[in-house]
Amino acid sequence: MFDIKTLNNISPAGLAKLGPSQFRIDEEGAAAQGILVRSAQMHEMELPDTLLAIGRAGAGVNNIPVEKCSEAGIVVFNTPGANAGGVAELTIGALVLASRNLWPAMQWVQGLAGEGDAVAKLVEKGKGQFVGPELAGKKLGVVGLGAIGVKVANAAAHLGMDVYGYDPYISVDAAWMLSRSVTHSVSLTELLAQCDYITLHLPVNDQTRGFMNEGVFRGCKPGLRLLNFARGELVDNAAALAALANGQLAAYVTDFPKEELLGVPGVVCIPHLGASTPESEDNCAVMAAEQLADYLLNGNIKNSVNLPEVVLPRAAGKRVCVLHKNEPGLISAITAVTTEAALNIENMMNKSKKDMAYTLLDVTGPVSAQLAQRLEAIPSVVRVRVL
């Protein structure tokens, strides 16, 4: 029986994936083996020694101390793509919002309250100031072709836009899903220079933080309309405001409000609603719970941000899970222990991710209670489980 601690009111649809015969849901969870979390801040939280894994019902993990978890042998999962539908829909809506000047137009028309029968005439007289272009025939650049970017690209193509996609790391699955009408750009510089609209669908890391900066804005097509429903840190807000002031940028729609962006003409701030749909919340919770359960029960790792993906069908005997540093000689040291214990390896997989690595072995033979202790005694082994 595994104890699972929940934070942020995890969707019942996700909790339903944790069967009561194998998992006990405990909101206190002082000695939990697993945690399911949405956006609750965990950096100051004391993590119990019993904790094996954290399932984040969402894509971003900046609320989780990932490095600290790696050092303690705690696997951190996220749920990429689970909220893709909700974010993609809002992004398409934002294309129209940015193009047709809907936000200032709606603000203006609300100011006509109290004009009585004159409202209709005032509307006809004043609407010309909000004229904006249609999307059909315009060029859209989609930077980042993951689950969300692909959906946005395909939907925009159906709206008659000329869509250009850029992602040097596009996965095989994403490539299969991408419409044939989307042009694959090999040069980010060319994409930025020719597109009327740019939408960002990138993760935030040391290479992408401040991706849209002063230099990049200078290389964009004048009058660009920029959308950001990925992460606020992708855009240098000071550079965006300067680009708006000089006409390089016509509009900036973002799901990540900041003080300096509020009340600025040309900027539309949405209160982080990308994944705020019942469907997205259910999908994220289900995916997080299933990944957490599969790791606790079978040792399989899928969609971890700090450990490699290792999914191995169960073979006969016991499963030995070894989480260790990515250093030379660890595999031979692990197999030497199993050989000394007179165990036969029926199935084995090892993968690494940056400084961490993970080895799964299905073994047959007399598995003693001391096996885990012997493996943990190997230098650079962080955690061992025998299932």
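**Exercise 1. Following a strand and its neighbours**

Which residue in β10 is the bridge partner of isoleucine 198? Work out how β9 sits among its neighbours as you go.

*Solution.* Keep in mind that this is a predicted model.

Step 1. Find isoleucine 198 and look across to β10: its bridge partner there is leucine 226.

Step 2. Now take the two strands as a whole. β9 and strand β10, residues 224–228, run parallel and are joined by 4 bridges.

Step 3. Turn to β6, which also pairs with β9 in the parallel sense, over 4 bridges. Here leucine 140 stands opposite tyrosine 197 of β9.

Step 4. Check the two faces of β9. Tyr197 and Thr199 lie on one side, Ile198 and Leu200 on the other, and all of them are buried, so both faces are covered.

**Exercise 2. A helix and its surroundings**

Describe helix α6 by its span, its buried residues and what covers them.

*Solution.* Step 1. Helix α6 covers residues 147–158, which makes 12 residues. From its first C-alpha to its last it reaches 17 Å, close to the 16 Å expected at 1.5 Å a residue.

Step 2. List buried residues: among them are Ile148, Val150, Val152 and Ala156.

Step 3. Ask what lies over them. The cover includes α3 (84–99), β6 (139–143), β7 (162–166), α7 (172–177) and β9 (197–200). You met β6 and β9 in the first exercise, as a parallel pair.

Step 4. Look just past the end of α6: glycine 160 takes a positive phi of about 90 degrees.

**Exercise 3. Two open sheets**

In what order do the strands of each open sheet come, and is the pairing parallel or antiparallel?

*Solution.* A reminder first: strands of a sheet pair through backbone hydrogen bonds, either parallel or antiparallel.

Step 1. One open sheet has 5 strands in the order β2-β1-β3-β4-β5, with parallel pairing. Its edge strands, β2 (23–25) and β5 (75–77), each pair on one side only. From one strand to the next, the twist averages 20 degrees.

Step 2. Zoom in on β4, residues 53–56, which is joined to β5 by 3 bridges. Isoleucine 54 has valine 76 in β5 as its bridge partner.

Step 3. Find helix α11, residues 278–298. This helix lies across β1, β2, β3, β4 and β5, and runs at about 165 degrees to β4.

Step 4. Another open sheet has 4 strands in the order β14-β15-β13-β16, and here the pairing is antiparallel. β14 (344–353) and β16 (381–386) are the edge strands, and the twist averages 15 degrees from one strand to the next.

Step 5. Within this sheet, β13 and β15 pair over 8 bridges. Lysine 318 stands opposite valine 363 in β15.

**Exercise 4. Aromatic rings**

Why does the pair of tryptophan 108 and phenylalanine 130 count as tilted?

*Solution.* Step 1. The count of aromatic pairs comes to 4. For the pair in question, the ring centres are 5.6 Å apart and the planes stand at 55 degrees.

Step 2. Planes under 30 degrees apart count as stacked and those over 60 as edge-to-face, so 55 degrees makes this pair tilted.

Step 3. Place the partners: tryptophan 108 is in helix α4, and phenylalanine 130 is in the loop between α5 and β6, 22 residues apart.

Step 4. Compare their exposure. Tryptophan 108 has a relative accessible area of 26%, so it is partly exposed. Phenylalanine 130, at 13%, counts as buried because the cut-off is under 20%.

Step 5. Finish with one cluster of rings, formed by Phe77, Tyr295 and Tyr358. The charged end of arginine 385 sits over the ring of tyrosine 295, 4.4 Å from its centre.

Definitions and conventions:
Residues are numbered from 1 along each chain as its sequence is written. This is a predicted model: local features need pLDDT of at least 70, side-chain atom pairs count only at pLDDT 80 or more; totals for chains, interfaces and linings use all residues. Side-chain values use heavy atoms; hydrogens and water are left out. The expected span of a helix is 1.5 Å times one less than its number of residues. Buried means under 20% relative accessible area, exposed over 50%, partly exposed in between (1.4 Å probe, protein chains only). Contact means heavy atoms within 4.5 Å. Two strands pair if DSSP finds at least two bridges between them. Axes are lines fitted to C-alpha atoms, for helices over the stretch in contact, and angles run from 0 to 180 degrees between N-to-C directions. Rings of Phe, Tyr and Trp (its six-membered ring) pair if their centres lie within 6.5 Å; planes under 30 degrees apart count as stacked, over 60 as edge-to-face and the rest as tilted. A charge sits over a ring if NZ of Lys or CZ of Arg is within 6 Å of the ring centre and within 35 degrees of the ring normal.
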